[in-house]
Amino acid sequence: MTLEELEGFVSKINEFDNLSKTTQIDYIAYFLVLKQSDFSPKDIRDAFNMLNTPQYSNINAYLSNNLKKKFITKTKGKYALTRQFYNELDTQFSNQKRLPLPSNDLFPKEILDGTRKYIIDMGNQAILCFDLGLYDACAVMVRKLLETLIIETFERYKIADKIKNKDDNFPYLSDLISYLLNEKTWNISRNAKTGFLSIKNSGDLSAHNRRYCAKKQDILDTKQAMRICIEELVKLIDYDAWNKELSNKK
């Protein structure tokens, strides 16, 4: 068992870190059976330690309490899975989405660290679309990410009412960019000003032109602009300070 093998396994399980500790034990036991046919309590503890994940307080007791239902004993303190439980875990694992981990090939993921979960999710979706060759989807997701960050910039500085229409709704990206660039509360860099427009044009083509299919080079042509614009907005918002302000109000 190597860390790379173990990380690759748990990355294919939806929300592994949010599962109960006993369910995590079950999946790790399944992984160990696939690798070496049986396992010991120490093998499971080692796996948790390799993942730097808090583990169940008494793994030995959990295994003993689930004999016959989930586990069977073998010689020299080793365990295996019952046939029924193995088949159950095998079906569950086979039904996982098994998406790869997003790379840093579109923009560095750490740019979005400390923002909001939904923003990180949007960024990861955009990156995965690029990684998987879904270039129209990538352009549209980046467009959505920019829309969200621009709105949050105005919310952060308590001037969101400036950009809402008569129905109290936020406008589309073209108007959002105009509001952003014309606002005197901040200064947007020259590179970002041109970058916003190129990203918008790319996203518009992918979202609205029925005969246009984005290619990898189309995304690569706006890749630097994406990184500049996303990072500039995140720094302008300053999520660390914003989160502290919101926390102090509670």
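I take helices as DSSP runs of H or I with at least four residues, numbered from the N terminus. By that convention I place E232 in helix α10, which covers residues 216-237. The model I am reading is a predicted one.

**Entry 1. E232 in α10**

I first looked up the surroundings of E232. Its relative accessibility is 18%, and because the limit for buried is under 20%, I record E232 as buried. Leaving aside residues up to four places away in sequence, I find E232 touching N187, I188, S189 and A192. I also checked E232 against I111: the two are 121 residues apart in sequence, yet their C-alpha atoms are 9.7 Å apart in space.

**Entry 2. Helices α2 and α3**

At what angle do α2 and α3 pack? I read an angle of about 110° between α2, residues 21-36, and α3, residues 41-50, with the axes 10 Å apart. Angles of 65 to 115 degrees count as roughly perpendicular, so I enter α2 as roughly perpendicular to α3. On the α2 side I list K21, Q24, I25, I28, A29, L32 and Q36 as the contact residues, and on the α3 side D43, I44, A47 and F48. Sorted by class, this contact holds seven nonpolar residues, two polar ones and two charged ones.

I then followed three residues of these helices one by one.

- Q24 is found in α2. I note it as buried because its relative accessibility is 0%. Beyond residues up to four places away in sequence, Q24 touches F16, D17, L19, F48, T53 and P54. F48 is also among the α3 residues of the helix contact.
- Y27 likewise lies in α2. With 4% relative accessibility, Y27 counts as buried. I compared it with V142, 115 residues away along the chain, and the C-alpha atoms are separated by 34 Å.
- N49 lies in α3. I enter N49 as partly exposed, since its relative accessibility is 48%. From N49 to D238 I read 34 Å, C-alpha to C-alpha, across 189 residues of sequence.

**Entry 3. Positive phi outside glycine**

I next looked for unusual backbone values. Most residues other than glycine have a negative phi. S37 is not a glycine, yet its phi is positive, about 75°. S37 sits in the loop between α2 and α3. I classify S37 as partly exposed because its relative accessible area is 43%.

K68 is another residue other than glycine with a positive phi, here near 80°. I locate K68 in the loop between α4, residues 59-65, and β1. Is K68 buried or exposed? Its relative accessible area is 78%, so K68 is exposed.

**Entry 4. Aromatic pairs and the cluster**

How many aromatic pairs does the model hold? With ring centres required to lie within 6.5 Å, I record a count of 14 aromatic pairs. I examined F39 and F71, whose ring centres are 6.1 Å apart with 80° between the planes, an edge-to-face pair. This pair links distant parts of the chain: F39 belongs to the loop between α2 and α3, F71 to strand β1, residues 71-73, and the two are 32 residues apart. Both F39 and F71 are buried.

F130 and Y135 gave a further case: the ring centres are 6.0 Å apart and the planes stand at 65°, so I enter this pair as edge-to-face too. F130 has 7% relative accessibility and therefore counts as buried. Y135 is buried as well, at a relative accessible area of 18%.

Which residues form one aromatic cluster? I list F39, Y56, Y62, F71, Y79 and F85. The edge-to-face pair of F39 and F71 belongs to this cluster.

**Entry 5. Arginines over rings**

Last, I looked up charges lying over ring faces. R116 lies over the face of W242, at 4.6 Å from the ring centre. R156 lies over the face of Y157, and here I read 5.9 Å from the ring centre. The cut-off for a charge over a ring is within 6 Å of the ring centre, so the R156 value of 5.9 Å is admitted.

Definitions and conventions. Residues numbered from 1 in each chain as written. Predicted model: local features only at pLDDT ≥ 70, side-chain atom pairs only at ≥ 80, totals over all residues. Heavy atoms only, no water. Axes fitted to C-alpha atoms, helices over the stretch in contact; angles between N-to-C directions. Parallel < 35°, antiparallel > 145°, perpendicular 65-115°, else oblique. Contact = heavy atoms within 4.5 Å. Nonpolar A, V, L, I, M, F, W, Y, C, P; charged D, E, K, R; others polar. Buried < 20%, exposed > 50% of the residue type's maximum accessible area, 1.4 Å probe, protein only. Phe/Tyr/Trp six-rings, centres within 6.5 Å; stacked < 30°, edge-to-face > 60°. Lys NZ or Arg CZ within 6 Å of the ring centre and 35° of its normal.
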